[in-house]
Amino acid sequence: MPELPEVETILIGLRAALDGRRIISTEVRNDLRWPVPDDLSIRADGKKIRAATRLGKYMLIALMRGPTLLIHLGMSGRIRITHSRRKSAAYLPMLHEHVTLTLDNGTRIGLVDPRRFGCFLLLDSGREREHPLLARLGADPLLPGFDATYLVAKLAGKRSPIKTVLLDQHVVAGLGNIYVSEILFRARINPERRAASLLVDEVTRIAEVTPAVLEEAIGAGGSTLRDYVDSEGKPGAFQDLHQVYGREGEPCPDCPGYPACHGIRRVVQAGRSSFYCPRLQPPLSLEDA
């Protein structure tokens, strides 16, 4: 599933294509996880784009004097941007391109989602956070409101492993399996530690490392492990910079040759693989037992 850096990378390309433009037509070919609103064309056609923002893994495209488009890419969705100088030029949608917006300069914005786990919905302007998909989201780590104080309060009393808690979108919006493994490695926290057992300085390290890892990943265009590409069809490069994710058995990048380090290890948590260095991310403490 595209995580926060991949969604932000796609949104950067999308903003450039949408800036100052107007939607002149919409075409819906198939429904997604939830039905695409029947009145999409009525409410969106003719409207000028006001802003394109992100909250966690969701993209929000606000229309002037109109609703906000809510887009989620699901497990393997992508945004396709096709530029054309002729508004009436013939357009061939991709396989699994379920929704297409045509802009006033001929550019097409297509939502491609083979598994149809994503969404394309309409929200009332100014009431976006009241929608059930957004109402309970936790703080976005790249937006105001995410800091050590927030995270300490969220982790208090939670007996689940810190890896599992950070993946909970009600705690932190936008994090996924790849980046939580990378964040915990840089923060030197074992993924199996109980969240409530972490000391304030350990939680502070997580809060400080999280945006740094995400910004670095965005700068590299996100991570492409299988089929992720940005809005221009280009793969990301951050997978080449992963320090632990997917590197089971390889030497730890921060303690090469150290006698007590036997390389990166993998453990399965809630059906997902976690990667860590057993020397730099110490095993469970007594209070975790």
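How many aromatic pairs does a search of the whole structure find? Before I answer, please keep in mind that what we are looking at is a predicted model. The search finds three aromatic pairs, and I would like to walk you through two of them.

One of them joins phenylalanine 146 and tyrosine 150, whose rings lie 6.3 Å apart from centre to centre, with 55° between their planes, so that the pair counts as tilted because edge-to-face would need an angle over 60 degrees. Both of these residues, phenylalanine 146 and tyrosine 150, are buried.

Another is formed by tyrosine 245 and phenylalanine 275, and here the arrangement is edge-to-face, with 5.1 Å between the ring centres and 70° between the planes. Tyrosine 245 belongs to the loop between helix H7 and strand E9, whereas phenylalanine 275 sits in strand E10, so this pair ties together parts of the chain that are 30 residues apart in sequence. As for their surroundings, tyrosine 245 and phenylalanine 275 are both buried.

While we are speaking of rings, let me also point to phenylalanine 185, because the charged end of arginine 188 sits over its ring, at 4.9 Å from the ring centre, which is within the 6 Å limit.

Now let us turn to the cysteines. A disulfide is a covalent bond between the sulfur atoms of two cysteines, and a search of the whole structure finds zero of them. Cysteine 277 is an instructive case, since the nearest cysteine sulfur, which belongs to cysteine 252, is 3.7 Å away, and a disulfide would require the two sulfur atoms to be within 2.5 Å. Cysteine 277 has 0% relative accessibility and therefore counts as buried, and cysteine 119, at 1%, counts as buried too.

Finally, a few words about empty space. The structure holds one cavity of 30 Å³ or more, and its volume is about 30 Å³. Among the residues that line this cavity are Ile71, Val99, Leu111 and Phe120, and by class the lining has seven nonpolar residues, one polar residue and no charged ones. Strand E7 gives the largest share of that lining, namely three residues.

The largest pocket, by contrast, holds about 1100 Å³ of space. Of the 40 residues that line this pocket, Met1, Pro2, Lys57, Gly74 and Met75 are the closest to its centre, while helix H3 and helix H6 are the elements that give two or more residues to the lining. In the pocket lining we find 17 nonpolar, 12 polar and 11 charged residues.

Terms used. Residues are numbered from 1 along each chain as its sequence is written. This is a predicted model: local features need pLDDT of at least 70, side-chain atom pairs count only at pLDDT 80 or more; totals for chains, interfaces and linings use all residues. Side-chain values use heavy atoms; hydrogens and water are left out. On a 1 Å grid over the protein atoms alone, a cavity is a set of points where a 1.4 Å probe fits but cannot get out, and a pocket is an open set with protein on both sides within 12 Å along at least five of seven lines; lining residues have an atom within 4 Å of a point. Grid points are joined across faces, edges and corners, and a volume is the space filled by probe spheres set on the points. Helices (H or I, at least four residues) and strands (E, at least two) are DSSP runs, numbered from the N terminus. Ala, Val, Leu, Ile, Met, Phe, Trp, Tyr, Cys and Pro count as nonpolar, Asp, Glu, Lys and Arg as charged, and the others, Gly among them, as polar. Buried means under 20% relative accessible area, exposed over 50%, partly exposed in between (1.4 Å probe, protein chains only). Rings of Phe, Tyr and Trp (its six-membered ring) pair if their centres lie within 6.5 Å; planes under 30 degrees apart count as stacked, over 60 as edge-to-face and the rest as tilted. A charge sits over a ring if NZ of Lys or CZ of Arg is within 6 Å of the ring centre and within 35 degrees of the ring normal.
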